[in-house]
Every structure is written in C-alpha cells, then in structure tokens.
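Me: I would like a close look at a single part of this model, with the terms explained as you go. Please begin with the local geometry and then work outwards to what surrounds it.

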Amino acid sequence: MDAHAGTDHHPAASSALPIDASLFEVSPDDPMFDREARPIAKCYQLVFGTDRAWSEGKICHACSRPGAPKKWNFLDAPPDGRCSDCGGEVADFWPISQILADMRQELARPDAVCAVLRQGEAVIGGCWGFSATPEGLDEHLNHGLAAHVCAPDVAATLRAMYPGVERFAYQDEIFLRPEFQRQGLGKRLFAARHAGFAARDLAVYVMRTKRNPPSTSYRWFRDGWGYRTVTDYPDADQRVILAHTFEAVSRRL
Ligand SMILES: CC(C)(COP(=O)(O)OP(=O)(O)OC[C@H]1O[C@@H](n2cnc3c(N)ncnc32)[C@H](O)[C@@H]1OP(=O)(O)O)[C@@H](O)C(=O)NCCC(=O)NCCS
Ligand SMILES: [Zn+2]
C-alpha cells in the first residue's frame, strides 16, 4: 500500500482543497434524506469509532451489559471480527441505519439546526442540535435508562439555575475527522450551528459529555469555556450535563 494513502479508519493527511461550513437543510420528511445524510452518518461513525475517549467502533452484544458495553475502537478491533471472550461476531457500535434514524428523529425536533464541514465534496465534520423544555430534556437525557443510572433532577435544576427560561438549545452532537482536529475547525462548526440557534429565541445551551475518560468536549466546554455543571450521571463513564448562556459563549467565538 502507498505509505501516504492511509486506511479507511485512519485516513491520510488532507489535500489542499478549501474547507467550508454550511447548514444541512434537507428535511427529515424528504425521501432523499437518507441519501443526502449518509456521508454525515459515515463521518460520525468514523469519528466516534476511532476517538480514544469514546471507542465506539465495534460491540459484542452477547457480552454487553446495561451501562457496560463490551466495545472496541476501530483501530484495535478484533481482526477476525470475532469477540475475544465469547467468539461471537462483533457488530458496528453505531450502525449507519441507526445514526440515520437518530438524525431523522432529532432533526425533526423544534428549532433543529445541523451544520456540516466539507473539504471539496467530502464531509469531514458535522454537528446538530434542537430546542427543548427542561422537562423535554429530562426525558431525552434519561430515556430508556434504569432509575439507578438516570441523571437526577435535570428539569428542576435547570429551572433553578436559569429562572424563566422555557426552552434550551441542546448541543446534541459535534464531531470532526481526527486528522482535521486542533486547527479551529470544530469551533467553525460550532459557530455555524450557533448562528442558526441565535436566530431563534434561545439564550441558554445544554449539553452532555463525559469525564471518564474525559471527552474533548468536556475539556473544551467545561475547562475551557466555563460551562456550569447541571447534574452528573452515576455511571462508569461519569457522564455529565453542562449548561451556559449564549451571551457567555458569544464572547468565545
Ligand atoms: C470535539 C471536536 C469536534 C473539537 O474539534 P477541534 O477542531 O479539534 O476543536 P478546535 O480546534 O476548534 O478547538 C475548539 C476549542 O476546544 C479546545 N480543545 C480542542 N481540543 C482540545 C483538547 N484535546 N484538550 C483541551 N482543549 C481542546 C480548543 O483549545 C478550543 O478552545 P478555544 O476556543 O478556547 O481556543 C473534535 O475533537 C472531535 O470530533 N472529537 C471526537 C468527538 C467528540 O468527542 N465529540 C464531542 C462529543 S460530546
Ligand atoms: Zn462477546
């Protein structure tokens, strides 16, 4: 193999084509949605599958337990596709069909904004979000979880921290191919989505990240930009919900 070509999961350094941020505005009801969104979903799968804080590449469903998936980073997944413990076949942690279904559902929510970063024709990053009430966020962030692993008091704490705020802008996802990171491009994606949100009547962000191991977004938003902790999950990943005002965020852009 050409030493500079890279592999699917560890791509070669980028070309000199220009990089542009734009809004992805295909409606989830559009029959072309899956086709148009597929390159964004593939980028999502690659980023979360190779990032060391997430390692959401492959999973063995037979060995996984609630809150404790048996998972691998794409970069060190079993080469024969078989689980080292049970010998069963491993699956994609994030199947493209599931990412597309989640995108369809989340982009159909109120005030949804999706921004995409492309180099030439290729999608190299994406981010999206939507707005929700404190109670809607409580439901979204604890959906399907057993009571003992839920984040406690999401709605009540948000109402106490931000009195009078009825809708929050939820920073749902943000991801960028590894070879483009640490050059200010994640911030460009964030800024493109922020412009979309700021045009609505929204003033406070909410997001979820994790501390074990710390996601880049924890370092970025909590350590760097001073987001405030709303509540913590009692789980092994030490997931955490953070919030900050648009006013404070605007000063960083
Ligand atoms: C999160 C992500 C999109 C950031 O993209 P990026 O292009 O590397 O970020 P930028 O270079 O634009 O930096 C944005 C800010 O984060 C800070 N930052 C970025 N990476 C950091 C790191 N590893 N440690 C500490 N701070 C970091 C930068 O200093 C910058 O802050 P500033 O505005 O105060 O200078 C990218 O790291 C990524 O895709 N990570 C994997 C997926 C992920 O974790 N997504 C978030 C899930 S909740
Ligand atoms: Zn197994």
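How many residues lie between β5 and β6 in the hairpin that they form, and which residue in the turn has a positive phi?

Reply: Two residues lie between β5 and β6 in this hairpin, and Gly120 in the turn has a positive phi of about 60°. The model is a predicted one, in which local features need pLDDT of at least 70 and side-chain atom pairs count only at pLDDT 80 or more, while totals for chains, interfaces and linings use all residues. Residues are numbered from 1 along each chain as its sequence is written, and chains are lettered from A and ligands numbered from 1 in the order in which they are written. Helices (H or I, at least four residues) and strands (E, at least two) are DSSP runs, numbered from the N terminus.

Within the hairpin, β5 covers residues 113-119 and β6 covers residues 122-132. The two strands pair in the antiparallel sense over seven bridges, where pairing requires that DSSP finds at least two bridges between the strands. In this arrangement Ala115 of β5 stands opposite Cys127 in β6. β5 also pairs with β1 (residues 19-23), to which it is joined by five bridges, again running antiparallel; here Ile19 stands opposite Gln119 in β5.

β5 is mostly covered, with five of its seven residues buried. A residue is buried if 20 or more other C-beta atoms lie within 10 Å of its own, exposed if 12 or fewer, and partly exposed in between, the C-beta atoms being placed from the backbone.

From β6 the picture can be carried further through Gly126, with which Tyr44 is in contact, two residues being in contact if their C-beta atoms, placed from the backbone, lie within 7 Å. Leaving aside neighbours within four places in sequence, Tyr44 also touches Trp94, Ile99 and Phe175 by this criterion. Tyr44 is one of the residues with the most contacts inside the largest nonpolar core, which has 59 residues; such a core is a set of buried Ala, Val, Leu, Ile, Met, Phe, Trp, Tyr and Cys residues joined through C-beta atoms within 7 Å. Helix α1 (residues 33-50) gives the most to this core, with eight residues.

As to confidence, the mean pLDDT of the protein chain is 93, and 94% of its residues reach 70 or more, pLDDT being the predictor's confidence in each residue, from 0 to 100. Over residues 1-6, however, pLDDT stays under 50, and the model has four contacts beyond four places in sequence for that stretch.
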